[in-house]
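Me: I am new to this structure and would like to learn how to read it step by step. Could we begin with the terms and then turn to the case itself?

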Amino acid sequence: MSDTKRGQKGDILLEMKGLKIEGRADEQWIEIVHGVDVTLRRGEVLGLIGESGAGKSTIGLAAMGYARDGCRISGGEIWFDGTELRSASDEHLRKLRGHRIAYVAQSAAASFNPAHRLIDQYCESPVQHGVMSRDKAEKDAKDLFRRLRLPNPETIGERYPHQVSGGQLQRAMTAMAMSCRPDLIIFDEPTTALDVTTQIEVLAAIRDIVDQFNTAAIYITHDLAVVAQMADTIKVLRYGNTVEEGDTRRMLAKPEEKYTSDLLAVRTYKRDQRDRPENEGPLMQIRGVDASYGTVPVLYDVSFDVYKKRTVAVVGESGSGKSTTARVITGLLPPKAGEVYYRGEVLPADYRQRNKDQLRRLQMIYQMPDTALNPKSRIRDVIGRPAYFYLGLTGRKLEERVRELLRLVELEPDQYINRLTTELSGGQKQRICIARALAAEPELIICDEVTSALDQLVAEEILKLLQRMQDEFDLSYMFITHDLATVRAISDEVVVMQNGRVVEQGPKEEMFTPPHHDYTDLLLSSVPEMDPDWLDRLLAERAEMARQGRVLKAADN
Amino acid sequence: MSKILATIAQRLGLGVLTLFVVSLVIAGMLELLPGDFCETILGQSATVETVNACRKENGFDQPFVFRYADWLSGFATLDMGKSLANKRDIAELISVRLSNTLFLAGFTAAIAVPLALFLGVLAALYRYSLYDRFVNVFTLTSISFPEFFVAYILVLLLSVMTVGENPIGPNGPWFPAMASVSEDTSFGERLYLVFLPALTLTLVVVAHMMRMTRAAIINLLASPYIEMARLKGIKNSRIIVKHALPNALAPIINVIAINLAYLIVGVVVVEVVFNYPGLGKIFVDHVKFRDVPVVQASAMIFAATYILLNLTADILSIVTNPRLMHPR
Amino acid sequence: MSSVDTSDTGPESLIRAPTRIIQAACAVSLVFLIAAFSTDLSENPGNALIGALLSAAFCAVLYKAWPRLLSDPGRDGVMAAGIGIYVAAGLIYWPLFSANPWSSFAGLAGSLIFLLAVLAGWKEVRKAPPTALFGIAVIFLYVLASCLAPILAPYSQSAPMGGSNLLWGSELKDGGIAYLGTDQLGRDILSRLLYGARNTVGIAFVTTALTFVLGSLLGLLAASMQGWIDQTLSRVVDVLMAIPQLIFALVIFTVIGSGAVKMIIVIALLDSTRVFRLSRSVAMSIVVMDYVEAAKLRGERLWYIIYKEVLPNATAPLAAEFGLRFCFVFLFISALSFLGIGLQPPTADWGAMVRESANLINFFLYAPAMGVTPLLPAFAIALLTVAVNFVVDWFLHKMSGLKE
């Protein structure tokens, strides 16, 4: 956009100096951002990256002069285009927000008002800020919807938020942020809640639109590979401090700080494939399983095998039926048809019909360590219970066993054995969950998205721990995940699921070498890579394929 | 649209079913009455003949199912039989009392609902302010008071203590401590007479309603779409009117319905305190006489009103829910 | 400390032997109680024996449970001081205390339990707002009053002590003074108010406890079992809740007549529907948690899941609900008594006292002290409800703060 009176590309647009933010915890204020500097030029995209607790969202909002309930900006200066926002009046801030600085939230579904049509919510900012008339805003909306490649751009605005899918809503929200042609947009983890294949579409749409209008942006994410596609410069944050800041390509090629290179190394962890054990049948076989929730069918003819000491990764996006498969195997959801064989014998369909030994051999680790541990229990009881329940350990023996298990998962027994589960971090909780599963001395562990709720560095530690446990105790894993980096890291065999069906399966090396099934291809190619050119290349490839008449489509569209 | 109609029809059906079951429960309950009403009222003078005659006259010799069916069809056609105690026609007896009760409840609601909503929303908007804290303590105190305590304090302050310094009448109290209305009391006079009972109920209901309104609004203001509206630079007043209000309708309707239902029951005690000839008073009086037909009829009316109010709230909240109004 | 199997107990660091102070305090209170009961020995040896055994058991429990209740040794002193003051007061007014051994036992137990509860939550209590502190203090006074009613009350709750409707401070037949006057039957109002605390509060408390046992047990069961049990219970509750409670209660009393036990059972039944709803919904949100699923898949029995996994996570909301339910039940019972359906006379009961003396309010201008007579019991009801509500409000506020 050649709006010269708003300044030239390259002028400093936003400058935050020594920004300090405090959060309210337990009746007192605690500093959570300790003096961070941010400089952003017109038309530039700054990526803020960090793990949970780094303070990135809070800093993003501070750029609008806004602090959430329970937070306050306690120090520093925030200069936006010649105005200091901390000392600006509420009225002045209100006029800036939505008009010159816009915000795109993580959860579009929650951030759109359920009571109004998309178009009404779109038009609100431009009309209220007096940027353009309602008619013009509506026309403009349709144009933006088209540019963001939303389906039916003429009519989609007539819909209510709950009538539109997640990926589309996220693009509609980007359009809404664009409605006043702001100088700056804050993107707060806009693709985190989306599936990978949907994420691509949204990323491409956001990048194009920011490019076209020469808008400056702050892009907040925990995913370095995503930010590599979007940002000109990257700022790495940790515990409310700047770790490192620099040009994207430079940082990816030559990180200065260890923390940054750790983050970069996360997705490169990979183990070699091991072949199926010879002259030994599979440990568990799933044969022709159909299942449904009530009358809604969710699984169709699912079959695959799990071998002893090997890891099967079941991959798919949300709604693909991978967690349902786990529920069938554990006996929580008896299937409509088909069987689960364990060592050649049929497992009773309902877990209540299984005997103690059958239950013991099959353990489970959950996605959310927060909800997988009783917040009122002590570590001693959490780990001790299965050892007592299945193996009858009591007294000194039980105590010894619990300590041994804690040491196995690398937690100092004296320090942790008497703690409540709520007194642990996410990664530590997941370790306790692993210890609890091991306490039963199982043969097969089902890991349901065990790393997806964790920060990347922690997740990698957990993966490595699981790997060691497998080697030590001859465990088999069934690893449910949506994340192909995890698959690459840990699996021997891969099962790809889509819409309740297995679309492809085989040993990992085979699966990761072309030719692929179309869906596998889409899934594989959609995983962001650290290479800043990856998105361009991918889009070019897909455009080329489309010319040849082969279209890969995510379910969301 | 058909889906929402189906949902509403389902709720209506459920409401009717509940009414039916409730009437059955009340009738069945009273059926369990130990001893015999006839023996009780005839007392010492009871002979086998007179008791039997009394039973026949009141239909007590019929099996329960017949009597229930009879009663139900009678109730539906507003023929509720005669009071056992004073032989008066119940429909006639109750209709006047019911209109009195509805007048009192309506009067109270007319003051309480707008007042409570206004003050409750205000407390939510200025959360943690001095006003909010005061409101919290005041409402908490107010809902803790038994109705009769509030009533007697008001009687003391606005009736008893004003005797002799009254500017209106010669040495009379400002407001009468007894709300003795009759059928030919004029509307204005009626308003004056029921002022104290209505004020009592208002104080209690307003406190409940304010707390619920405040909680509902605060809950709403914490939603991400309200933050989004702020970040879009929308004016505060517009956020309230355009973004909060449409979504607040369902919870607010719910709050109103709960409190109106509460009012229906709350009138009982207040009517007794002020000796007000309403349905609650007659109900309590006849409970003491064990006058089954009157108790049954008035309990049924109370229950029906209660169910109807909840049903209305239910349906209104369906109608105001955009997700149901505009299905995928 | 004996080296018993500690696998089922809490962390070792919390297990300490009771300090000498608390040992001494236990011994003192034991001697005091046994002495109090022994005065009953000649007339009622059985009673004295049971009382002595009960007080020994009470001290044993206190002694044994002490280290688990509190972890800060500084609290020992507070507890010991509490016991000391009580025993000292008991010795000063020995004739009264020894004449009512059960009441003096109840008073000690009640005030100790209350003190323990406050001390256990001392970290929180210290930061409590003034309204909550006020509430705690008032509740404590009510606990004392209802436990010690026979000791504190100068006269009987039922026997006429002088002329009817005497003014405050009038002299009674036996030469004593009726500080708050007498009622229409010549009974001492102060005594009736104190006994009323025991009757009204006691009944409300018992009713609430029953309500809770019934409602939460069924609610937890429904949520954990689901299926037809849940469906049946929920539908029954739906119907019961469709009838306004006061109306339903009055219909039932029409049938079965009134009386304390009947009232407790009927109200507990009716009110347990609400506890059922709440505990069911709380438990529902807990049973979908992965840790409950993990327990199920481990093969744990239903009672283990309810007791170890669900219940500990439901206690906070249930505790708050207990307070609210108590207020409701208390007001409800008072309303029933006020309407003339409640405890049978001559038992003193606040709601009934209001009704009986209601007309006196009209004499306010001539005799203000007499005019406020009906307001006294009403105020007693209001004050306790306010106090409980203040504490519950504070508790709820803390709970919502923890969630964030």
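Reply: A residue is called buried when its relative accessible area is under 20%, exposed when over 50%, and partly exposed in between. Please keep in mind that this is a predicted model. In chain A, buried residues make up 57% of the 557 residues.

Me: What radius of gyration does chain A have, and what would a compact globule with 557 residues have?

Reply: A compact globule with 557 residues would have a radius of gyration near 24 Å, and chain A, with 26 Å, agrees with that. Along its principal axes the C-alpha trace of chain A spans about 75 × 60 × 45 Å, and its secondary structure comes to 22 helices and 20 strands. Of the contacts in chain A with a separation of 6 or more, 70% are between residues 24 or more positions apart.

Me: How should I read a salt bridge, and which residues of chain A show one inside a helix?

Reply: The rule looks for a side-chain nitrogen of Lys or Arg within 4 Å of a carboxyl oxygen of Asp or Glu. The side chains of A:Arg360 and A:Asp357 meet in this way at 3.2 Å, N to O, and both residues lie in helix α12 of chain A, three residues apart, about one turn of the helix. A:Arg360 counts as buried because its relative accessibility is 15%, whereas A:Asp357, at 32%, counts as partly exposed. Salt bridges that share partners join these two with A:Arg343, A:Arg361 and A:Glu443 into one network.

Me: Why does the salt bridge of A:Glu124 and B:Lys232 join two chains?

Reply: A:Glu124 lies in helix α4 of chain A and B:Lys232 in the loop between α10 and α11 of chain B, so the pair joins two chains. Their side chains meet at 3.3 Å, N to O. A:Glu124 counts as buried at 4% relative accessibility, and B:Lys232 counts as buried at 5%.

Me: How many residues of chain C are in contact with chain B, and what is that side of chain C made of?

Reply: An interface can be read through its contacts, its buried area and its residues. Here 41 residues of chain C are in contact with 44 residues of chain B, and the area buried between them is about 3800 Å², of which carbon and sulfur atoms give 83%. Across this interface the rule finds one salt bridge, in which the side chains of C:Asp393 and B:Arg211 meet at 3.3 Å, N to O. On the side of chain C that touches chain B, α16(C) gives the most, with 10 residues, and the residues of that side divide into 31 nonpolar, eight polar and two charged.

Methods:
Residues numbered from 1 in each chain as written. Chains lettered and ligands numbered in written order. Predicted model: local features only at pLDDT ≥ 70, side-chain atom pairs only at ≥ 80, totals over all residues. Heavy atoms only, no water. Contact = heavy atoms within 4.5 Å. Buried area = accessible area lost by both parts, 1.4 Å probe. Helix = DSSP H or I, 4+ residues; strand = E, 2+ residues; numbered from the N terminus. Nonpolar A, V, L, I, M, F, W, Y, C, P; charged D, E, K, R; others polar. Rg over C-alpha atoms; globule rule 2.2 N^0.38 Å. Buried < 20%, exposed > 50% of the residue type's maximum accessible area, 1.4 Å probe, protein only.
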